[in-house]
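Student: I am new to this structure and would like to learn how to read it. Could we take the features in turn?

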Amino acid sequence: MKGLYKDEKGTLLFAQNTINFPDGTKIEVKKYVKKKEGTDVHEGWLVFNTREAALKHFDIEETVPIPLDIDPLRTL
Amino acid sequence: MSALRRKLDNIFNKKEDIRLSIIGKGGTLPPSAPLSAYSLEIDGLSGNPSFWNLKDMSNNLLDTGSIPSGGTMDIIAPNANYIVKYANNTVIQTGVILAGGTATIIVTDPVVCEGWDPPIDWKWDDASALLLDSENGVVLLHPVYEGMDNYATILCNFAGTGTINLGDGSGVQALTTGVKLNILFDYDNIPTAFVPSIGGKMAVVLVKITGSLTHLFLQEDNDIQGAFRGNSKWLALKLRTNVHLAMFLSHQYGRSAGNLHIIDLGACLLKANGSNNFCNLKSLQYLLWGGFENVIGDASQRLFDTSNMSGVHLDTISFSKMTSLYYAFNGAIGGVQLEFDKAINECLSLQGAWSDTSCFRKIKLTNTGKVTNLQECLYLSGVEDFEMDDCSQVTTTAWFIYAPPGGNHTQRLILNLLTVGIDISHAKMDALALNNFFIGLGTANGAQTITITGCTGAGTCDQTIATAKGFTIVN
């Protein structure tokens, strides 16, 4: 999905509409999505057309959690 | 009221015993006093214990008296430990208080299980009566079928000596601590009549221990049968012991005592390393477990993971000493809508606690100041209302509330004093709910991001409440 993406400590963040920063800066995503992929808009938020492209750029391997198997039997 | 219900009430309704336990040395508690919480102040602990003050939770003095050593309330050297027991000598609470300190004795109502009774032809009342509350041991039901190899195992660790009667005519035999007993029930010699509801006969297995029972395993491989997967066939369990117990009812790969319909633990306390205690018990209809600080340490890890919650009454279970609720209710089933309102004073991790379950509607957690991990806490969960009073130590929120668009049920979320970012995308939180969520936040610990994309009120909430605290808000 087109939007702004950011690598925050290995987690991919995605902004579809707006970003409000503590310093009062407000980014409206639609103003930037037509820019070239990889454009740094503000504080590490980059333009990408797809999530996959962002993951590849930031070299993030995203895995959805799968509930773990039951723990092995504990021994005495 | 069913016979079982009456019996259970007799077991758990310990009003008189509790009065004896608390004030059995001469005091009186008003007969009308409800089963609730009392504060017990004990003084003179540095020397000879001298007196106690019993107060209600409004700090009204109900009674006072002296405390001798021994009896139903024991003060143990160095005079800072206390033990409260039922009149039958079953330990219901232990603790440590300093001189002049306060111990709170939580007296809970009897376990009440509505809506299910075991089939009459199980004769569970008669079977469970074989083991007195004052004894150490186990009584179990196991179905035995004609023309089949009826395998089972039981392994107990205990002090003293033990005996077991398999109820199949083989008589009483010695049981050795730490040695697994491989059982092959003899259908023909089981003296009881055919039990229509199970399509076979019922073996009533009775274990009696002279000392304390410390461990129970019911899901081991039978060495005659070989390794198995799936459920052992134990149907019902009553257990009594006067020490902390480690119970092993489940195993990896889904092998478990998953056919258990009844678990009656009375006031037993579970041991810290006994995690998975009720894990993978999909047939569970009754969990009869009342009283005080029932679980200590990390015994709550995967406590009810993938188990049937329909007969579980959480009101009687204290979680205040648990250090982890790691996947405690993950995948729980049962078609119920439970509320979980508990203090979790010692809990460090809520990872996966209510993930992938629709059995809970509302979670209210207090004394949560030690929690650091919220990862997957409400992952694919049906929880609508979630509140923690102190998230100041939380460092991990990955996948906290994840669900696909349309699948997130959270309408109210309060994470007071949270200082790290979190993704609450697609929560059904309107502008007011989001504003209240922002109001509860602490000050951001550095650059932290909160994602509210897809939330009902994302476009109309007051994001400045959060940005003023240093958070970046992403929609």
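Student: Which residues of helix α4 of chain B are buried?

Tutor: A residue is buried if 20 or more other C-beta atoms lie within 10 Å of its own, exposed if 12 or fewer, and partly exposed in between, with C-beta atoms placed from the backbone. Helices (H or I, at least four residues) and strands (E, at least two) are DSSP runs, numbered from the N terminus. In α4(B), residues 431-440, the buried ones are A433(B), L434(B), F437(B) and F438(B). Viewed down the axis of α4(B), they fall within an arc of 140°, so they line one face of the helix. The arc is that of the directions from the helix axis to the C-beta atoms.

Student: What numbering and what kind of model are these?

Tutor: This is a predicted model, in which local features need pLDDT of at least 70 and side-chain atom pairs count only at pLDDT 80 or more, while totals for chains, interfaces and linings use all residues. Residues are numbered from 1 along each chain as its sequence is written, and chains are lettered from A and ligands numbered from 1 in the order in which they are written.

Student: Why would the buried residues of a helix share a face?

Tutor: An α-helix has 3.6 residues a turn, so residues three or four places apart point the same way. The cover over the buried residues of α4(B) includes β23 (412-415) and α5 (464-467) of chain B. Contact here means that the C-beta atoms of two residues, placed from the backbone, lie within 7 Å.

Student: What is the strand order in the open sheet of chain A?

Tutor: Two strands pair if DSSP finds at least two bridges between them. The four strands run in the order β2-β1-β6-β5, with antiparallel pairing. At the edges stand β2 (11-15) and β5 (40-42) of chain A, each with a single partner strand, so one side of each has no neighbour in the sheet. From one strand to the next, the twist averages 40°. Helix α1 (residues 51-58) of chain A packs on the sheet and touches β1 (3-8), β2 and β6 of chain A. The direction of α1 makes about 140° with that of β2(A). Axes are lines fitted to C-alpha atoms, for helices over the stretch in contact, and angles run from 0 to 180 degrees between N-to-C directions.

Student: How many bridges join β5(A) and β6(A)?

Tutor: Two bridges, in the antiparallel sense. H42(A) stands opposite W45(A) in β6(A).

Student: Is G38(A) buried or exposed?

Tutor: G38(A) is exposed, with 12 other C-beta atoms within 10 Å. It lies in the loop between β4 (26-28) and β5 of chain A. Not counting residues up to four places away in sequence, G38(A) touches L46(A), V47(A) and H57(A).

Student: Where does the largest nonpolar core lie?

Tutor: In soluble globular proteins, nonpolar side chains tend to be buried together. A nonpolar core is a set of buried Ala, Val, Leu, Ile, Met, Phe, Trp, Tyr and Cys residues joined through C-beta atoms within 7 Å. The largest one has 130 residues, and among those touching the most other members are L141(B), L260(B) and F304(B). Strand β13 (residues 201-209) of chain B gives the largest share, six residues. Domain 2 (111-294) and domain 3 (323-475) of chain B both contribute, so the core lies between them. Domain bounds come from an automatic or database domain assignment. The centres of these two domains, taken over C-alpha atoms, are 39 Å apart.
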